[in-house]
Structure formats: C-alpha cells, structure tokens
Amino acid sequence: MLLWCVVGFLALDLLIVGAFFIPPVQNFAVDTVTKMVSDTWGCELAIGEMYLTPTFHVHFRNSVLRDHHDNDMIRIGYVSTDLKRLKVSPVQLYFPYFEVDDAEVVVRLYKEEDDVNISVWAKKLASKNKKPAAGPFVMHIDRLRMTNSEFRYENDNVRQSQHPTDMDYGYFVLADLDFDCLDFQVVGGDAADISAKIDRLAFNQYTGFRLVNASGDFRINDKNLIFNDCHLVTPQSRLFFDLAFHYHDWSYKDFVDSVRISANLRPSVLDL
C-alpha cells in the first residue's frame with residue numbers, strides 16, 4: 001500500500017510538472033504573471049505567446065511594455081533563450097544567449113514633461129518597492145544577438161517634423177539595427193548600469209547615414225554613456241576613438257545644452 005501511495009504521488013507530481021509544459025497552461029500562467037508584473041511596475045506588460053520546454057528553452061512572441069501614456073516603450077517580436085541560472089533574492093538572471101528579432105525601443109520625452117518615459121517607469125518601480133532589497137537586480141547574458149530592430153529618441157518639445165529628412169534633434173532613429181555583443185549586463189537599484197562588449201553594431205538613419213559596423217566596450221548609467229576602444233566603419237570612413245557623454249541624470253531634457261561630450265581620436269580616416 002505504501003509503495004502504491006509513493007507511486008501515486010510521483011505520478012501526480014509528474015502530471016503537474018508535465019501540464020506546465022503544455023502551451024495553453026503556460027499562456028494562462030503568463031497572463032497571470034504579466035498582470036501581477038504590470039500592477040507592480042505601474043506600466044502595462046503584455047506577452048502574446050510564450051513556450052517553455054522541459055530543458056528550459058524559452059520562446060517569446062509579441063511582447064510589449066507600454067509607458068505611462070499607454071504607448072509602446074519596448075516591443076519585441078521574437079525572443080529565444082535558455083535559462084542558465086536563477087537567483088530569487090535578490091533577483092539575478094543568467095542566460096547563455098539571447099536571440100532577439102523585430103524589436104523596438106522608444107525613449108520619449110512628452111510635451112511639458114521633465115523625464116523621458118523610461119525614467120518615469122523606473123521611478124514608479126522604485127516608489128512601489130519600499131522594502132529594502134537584499135541586493136540589486138542583475139541580468140547577465142553571455143551573448144546577445146539582435147536583428148531587424150529599431151531605436152527611437154523622441155522629444156515632443158523640440159521635434160520639428162513628423163517625417164524629417166534632415167537631422168532633427170527631437171527625433172533620432174536608428175533603423176535596421178543589427179547588434180551582436182558579449183557579456184551584456186543590466187544592474188538595477190540606485191547604481192543602475194548597463195554594459196556590454198559590442199562585437200557588431202550596424203544601422204541606417206533617415207538622413208542617409210549608414211553605419212556599416214561598430215565595435216567596442218559600452219557602458220551607460222545615470223551619469224555617463226561611454227564607448228571605449230571604439231572601431232567605427234561607414235562606407236567612406238574608418239574611425240578609432242574613445243567617446244563619452246556626461247550628464248546629470250537620465251532625463252535628457254536639454255540634451256544639446258546639458259550633455260558634455262569628450263572624445264579621444266586615434267589615427268583614422270574620415271571622409272564627409
């Protein structure tokens with residue numbers, strides 16, 4: 001009798017675990033978790049579809065994080081990854097690789113507001129988390145690959161045109177992004193920091209500018225954006241330099257006037 005009870009409990013456990021790997025069950029769990037996360041973050045998070053295999057290989061499709069005006073802030077069409085290691089307190093996520101396709105990141109400063117949307121979201125998140133953390137949030141990806149993606153910076157206070165062809169400091173777009181890096185890391189908390197060793201970065205810009213490739217050591221936080229040991233290639237130029245943007249906070253409200261730029265240019269070829 002005891003043997004049959006043990007077998008019964010094991011079978012029930014396997015059934016429950018197995019059920020979790022059925023897509024409808026996973027999607028129900030995703031809907032529940034995204035609602036909880038949306039309430040905690042103060043911004044809507046939606047995941048169209050997720051599939052988790054028994055070997056912890058994960059696929060996401062059509063994931064969106066919306067800002068405080070209910071516009072898309074971060075949208076990702078497709079993600080494929082494996083979970084390497086997980087720590088719950090503090091939350092630390094480690095992935096051997098991350099493959100991203102059809103992503104869009106929009107950093108936007110709305111009219112008559114002081115902070116860009118991502119800064120507003122970060123401040124909301126910090127205000128909701130009043131308990132002292134055991135340590136900062138950490139996400140580390142050994143290799144991050146991103147294709148067919150776009151980054152946009154929009155400043156509604158100074159934007160000159162909805163469809164510019166000349167450089168508009170209120171509307172900055174990097175389209176057709178092709179990105180490959182090693183040791184991508186995000187650290188949260190008061191000392192928030194993003195860093196990576198970029199092997200490849202290519203994009204097109206609406207002014208006609210095209211970056212064939214860039215590589216170097218990248219870091220950004222609330223005081224600096226740094227690109228060291230940079231090798232930049234355009235159709236006409238080959239540049240070798242260190243570049244840094246220094247500012248007071250994440251807001252970027254007066255980017256042109258408040259950001260201090262420093263650069264160290266090594267022997268290069270520049271053709272304008």
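**Entry 1: salt bridges**

I began with charged pairs, and the count came to 16 salt bridges. The model I am reading is a predicted one. I reminded myself why such pairs are worth a look: side chains of opposite charge can pair when their charged atoms come close.

I looked first at R152 and E104. They form a salt bridge, with the closest N and O atoms 2.6 Å apart. R152 sits in strand 7 (residues 138-155) and E104 in strand 6, so this pair links distant parts of the chain, 48 residues apart. Buried or exposed? I checked R152 and E104 for this. Both R152 and E104 are buried.

Next I took R108 and E154. Their side chains meet in a salt bridge at 3.7 Å, N to O. R108 belongs to strand 6 and E154 to strand 7, and the two are 46 residues apart. I noted their cover separately. R108 counts as partly exposed because its relative accessibility is 22%. E154 has 6%, so it counts as buried.

My third pair was R266 and D229. The closest N and O atoms of this salt bridge are 4.0 Å apart. R266 lies in strand 14 (residues 260-269) and D229 in strand 12 (residues 224-233), so the pair ties together parts that are 37 residues apart in sequence. R266 is partly exposed, at 28% relative accessible area. D229 is also partly exposed, at 49%.

Then I asked which residues are linked in a network of salt bridges. I wrote down R75, D102, E104, R108, E150, R152, E154 and D156.

**Entry 2: D102**

I picked D102 out of that network. I found D102 in strand 6 (residues 98-109). At 34% relative accessibility, D102 is partly exposed. Which residues does D102 touch, leaving aside those up to four places away in sequence? I listed R75, I76, G77, T147, N148 and S149. R75 is thus both a contact of D102 and a member of the salt-bridge network. I also checked N148 by distance. The C-alpha atoms of D102 and N148 are 5.0 Å apart in space, although their positions lie 46 residues apart in sequence.

**Entry 3: F184**

I moved to strand 8 (residues 171-187), where F184 is found. F184 has a relative accessible area of 16%, so I put it down as buried. What does F184 touch beyond four places in sequence? My list reads M139, H140, I141, L144, I194, S195 and A196. For S195 I took the distance too. Its C-alpha atom is 5.8 Å from that of F184, and the two residues are 11 apart along the chain.

**Entry 4: cysteines**

I searched for disulfides. A disulfide is a covalent bond between the sulfur atoms of two cysteines. I found zero in the whole structure. I still looked at the cover of two cysteines. C181 is buried, at 0% relative accessible area. C230 is buried as well, at 2%.

**Entry 5: surface**

I turned to the outside. The protein exposes about 16400 Å², and carbon and sulfur atoms supply 61% of that. I noted a nonpolar surface patch of about 390 Å². Which residues make this patch? They are F56, L83, L86 and V88. I followed L83 further. L83 lies in the loop between strand 3 (72-82) and strand 4 (85-87). Its relative accessibility is 33%, so L83 counts as partly exposed.

**Entry 6: the whole chain**

I stepped back for totals. I counted four helices and 14 strands in the protein. Of its 272 residues, 36% count as buried. I also looked at contacts with a separation of 6 or more: residues 24 or more positions apart account for 50% of them.

**Entry 7: confidence**

I closed with pLDDT. The mean for the protein is 78, and 74% of the residues reach 70 or more. Where is confidence lowest, and where is it highest? The lowest is helix 1 (residues 2-20), with a mean of 36. The highest is strand 9 (residues 193-204), at 93. I marked residues 1-22, where pLDDT stays under 50. For this stretch the model has 10 contacts beyond four places in sequence. I added a caution for myself: where pLDDT is low, the predicted coordinates should not be read in detail.

Key: Residues are numbered from 1 along each chain as its sequence is written. This is a predicted model: local features need pLDDT of at least 70, side-chain atom pairs count only at pLDDT 80 or more; totals for chains, interfaces and linings use all residues. Side-chain values use heavy atoms; hydrogens and water are left out. Patches are made of residues with over 30% relative accessible area and no salt bridge: like charges are joined within 9 Å, nonpolar side chains (Val, Leu, Ile, Met, Phe, Trp, Tyr) within 5 Å. Accessible areas come from the Shrake-Rupley method with a 1.4 Å probe; for residues, only the protein chains shown count as cover. Buried means under 20% relative accessible area, exposed over 50%, partly exposed in between (1.4 Å probe, protein chains only). Contact means heavy atoms within 4.5 Å. pLDDT is the predictor's confidence in each residue, from 0 to 100. A disulfide is a pair of cysteine sulfur atoms within 2.5 Å.
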